[in-house]
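Visitor: I should like to understand how the terms used for a protein structure are justified. Could you show me the structure and take the terms in turn?

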Amino acid sequence: MRHGEVENPEGILYGRLPGYHLSELGRRMADRVAEHLAARDITHVGASPLERAQETAEPIAKSHGLDIATDERLIEAGNVFQGKTFGVGDGALRRPGNWRHVVNPFKPSWGEPYVEQVVRMKGALDAARDAARGHEAVLVSHQLPIWIVRSFVERRRLWHDPRRRECTLASLTTFTYQGDRIVSVGYSEPARDLVPAHLLAGAKPVKGKGKAFGA
């Protein structure tokens, strides 16, 4: 699961910075997904250590009488632009000091390599599989790591256009295992009606909106 909306009025790329919590709308998204999953056979709930992920996982864990298992492998991708604004129409790409960080979109040169994200996220998935073997697990993470591990499993190239990620706020990307092997991937948006239109998967960026949403 991707976390819900974050309180971020200044449009900061918050990345792994502490202190960024769910907005009121984000808490409603988390509650909605918890309601959606209430009847599922969930025996394990894990989350990134970042506040927004922990707060998203909380109502799911509570509804199943579980504690949240914090897993560092589910954390947001590292990014050199963390703490800055870096969005549509803000001029970030016209600043010479930023150019050296955007020379290689295939790695990517501005942050944690895609391959490293695959390794840690796949490790977290497999650990959750083992913890909930025969049942279901929910892991709360962040947009880019979720999309990258999904791309790997579905055998797509890892470099991509960020605008084409199918990983809306509070969405569920489902990996189904048969034994130790992933046999299918699914996607759903239980809180879709709560997500602002410009933040839905596939929506076109709007100048002045959507600056550096995390992730």
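Visitor: What share of the residues of the protein counts as buried, and what makes a residue buried?
Guide: Of the 215 residues, 47% count as buried; the term requires under 20% relative accessible area, with a 1.4 Å probe and protein chains only. This is a predicted model, in which local features need pLDDT of at least 70 and side-chain atom pairs pLDDT 80 or more, while totals for chains, interfaces and linings use all residues. Residues are numbered from 1 along each chain, and side-chain values use heavy atoms, without hydrogens and water.

Visitor: Why is R157 said to lie over the face of W159?
Guide: A charge sits over a ring if NZ of Lys or CZ of Arg is within 6 Å of the ring centre and within 35 degrees of the ring normal. R157 lies at 3.9 Å from the ring centre of W159, and 3.9 Å is within the 6 Å limit, so the distance condition is met.

Visitor: What makes a run of residues a helix or a strand, and how many of each are in the protein?
Guide: Helices are DSSP runs of H or I with at least four residues, and strands are runs of E with at least two. By this rule the protein has five helices and five strands, in the order α-β-α-β-α-α-β-α-β-β from the N terminus.

Visitor: Which element supplies the largest share of the lining of the second largest pocket?
Guide: That element is β4, with seven residues. The lining has 30 residues, and E136, A137, V138, T174 and F175 are the ones nearest the centre of the pocket; a lining residue has an atom within 4 Å of a point of the pocket.

Terms used
Buried < 20%, exposed > 50% of the residue type's maximum accessible area, 1.4 Å probe, protein only. 1 Å grid on protein atoms, 1.4 Å probe; cavity = no way out; pocket = protein on both sides within 12 Å on 5 of 7 lines; lining within 4 Å.
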